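Please open the model in your viewer and keep the sequence panel beside it. The tour below moves from the whole chain to single residues, with a selection to make at each stop.

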Amino acid sequence: MTHGLRIEAAAWKGAKGTAMNSDPDVAKFYTRLATREAELGQLRLTFLRAGGKRISFNYLVENRTRCYALKIGYDPEYHAYSPGNMLLNLILKEACARGIEEYDLLGGDDDWKFEWTAETREHRWLFLFRNRLRPRALHYLKFGVVPAIKRRA
């Protein structure tokens with residue numbers, strides 16, 4: 001998981017602050033999730049190597065028939081060789097050989113995903129807030145104050 005966190009943050013996600021390890025709580029969440037999914041036999045941390053160096057990463061959760069790509073990343077030094085696409089190609093070949101019926105890229109409709117499929121699926125957000133003062137204040141800001149400001153703009 002440590003190698004995956006490093007690779008996922010190496011390119012644009014790290015620069016924009018959206019990588020898992022950009023926030024210690026987010027990194028902790030994904031690490032704990034990996035532990036839980038490993039205990040259930042559903043975790044797949046996959047890497048592509050070049051010269052013994054890990055250059056691409058895919059964090060998958062899998063059940064009997066489906067794979068869900070939670071996080072992906074690559075080393076930008078190898079960008080010209082499309083290491084993420086190379087790894088995904090290998091993952092899909094192996095998944096098909098094992099009888100996996102679906103691979104969900106998750107997230108938004110990023111352009112690169114349409115190189116793999118023309119289909120999209122609507123995703124919904126689920127926000128969970130603890131019943132404590134700070135989380136209640138964050139909930140109020142997100143669902144009360146911000147929408148009110150947007151309506152007036």
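**The whole chain**

Of the 153 residues in the protein chain, 27% are buried. Please keep in mind throughout that this is a predicted model. With the whole chain selected and shown as a cartoon, you will find 5 helices and 4 strands, which follow one another from the N terminus in the order α-α-α-β-β-β-α-β-α. The C-alpha atoms fill a box of roughly 50 × 35 × 35 Å along the principal axes. Among contacts with a separation of 6 or more, 50% join residues that are 24 or more positions apart.

Switch next to a surface view, where the accessible surface comes to about 11,000 Å² and carbon and sulfur atoms account for 54% of that area. If you colour by charge, there are 26 positive and 18 negative side chains to locate, and the centres of these two sets lie 8 Å apart.

**Helix H1 and what it packs against**

Select residues 2-10, which make up helix H1, and within this helix pick out the buried residues Gly4, Leu5, Ile7, Glu8 and Ala9. Which elements do these buried residues pack against? Show the surroundings of H1, and you will see helix H2 (12-16), helix H3 (24-39), E1, strand E2 (53-62) and strand E3 (66-74) as the packing partners of its buried residues.

**Thr46 in strand E1**

Move on to Thr46, which lies in strand E1, residues 43-50. Is Thr46 buried or exposed? Its relative accessibility is 10%, and because buried means under 20%, Thr46 counts as buried. Leaving out residues up to four places away in sequence, display the residues that Thr46 touches, namely Ser56, Phe57, Asn58, Leu60, Leu87 and Ile91.

**Two loop residues with positive phi**

Select Ser82, in the loop between E3 and helix H4 (83-97), and check its backbone: phi is positive, about 50°, although Ser82 is not a glycine. Ser82 counts as partly exposed at 33% relative accessibility. Then go to Leu106, in the loop between E4 and H5, where phi is again positive in a residue other than glycine, with a value near 55°. Leu106 counts as partly exposed, at 22% relative accessibility.

**The positive patch**

Back in the surface view, select Lys28, Arg32, Arg130 and Arg132, which form a positive surface patch. Of these, centre on Arg130, placed in the loop between strand E4 (102-104) and helix H5 (133-152). Arg130 has a relative accessibility of 57% and, because exposed means over 50%, counts as exposed.

**Helix H5 and the nonpolar patch**

Keep Arg130 in view and add Pro135, which is placed in helix H5. Beyond its neighbours within four places in sequence, Pro135 is in contact with Phe129 and Arg130. With a relative accessible area of 17%, Pro135 is buried.

Which residues form the nonpolar patch on the surface? Select Trp125, Phe127, Phe129, Leu138, Tyr140, Leu141 and Phe143, which together have about 800 Å² of accessible area. One of them, Leu141, lies in helix H5 and is partly exposed, with a relative accessible area of 43%. The tour can end at Phe129, which belongs to this nonpolar patch and is also one of the contacts of the buried Pro135.

Conventions: Residues numbered from 1 in each chain as written. Predicted model: local features only at pLDDT ≥ 70, side-chain atom pairs only at ≥ 80, totals over all residues. Heavy atoms only, no water. Buried < 20%, exposed > 50% of the residue type's maximum accessible area, 1.4 Å probe, protein only. Contact = heavy atoms within 4.5 Å. Patch = residues over 30% accessible without salt bridge, like charges linked within 9 Å, V, L, I, M, F, W, Y side chains within 5 Å. Areas by Shrake-Rupley, 256 points an atom, 1.4 Å probe, with all protein chains shown as cover. Salt bridge = Lys/Arg side-chain N within 4 Å of Asp/Glu carboxyl O. Lys, Arg positive; Asp, Glu negative; His and termini not counted. Charge placed at Lys NZ, Arg CZ, Asp CG, Glu CD.
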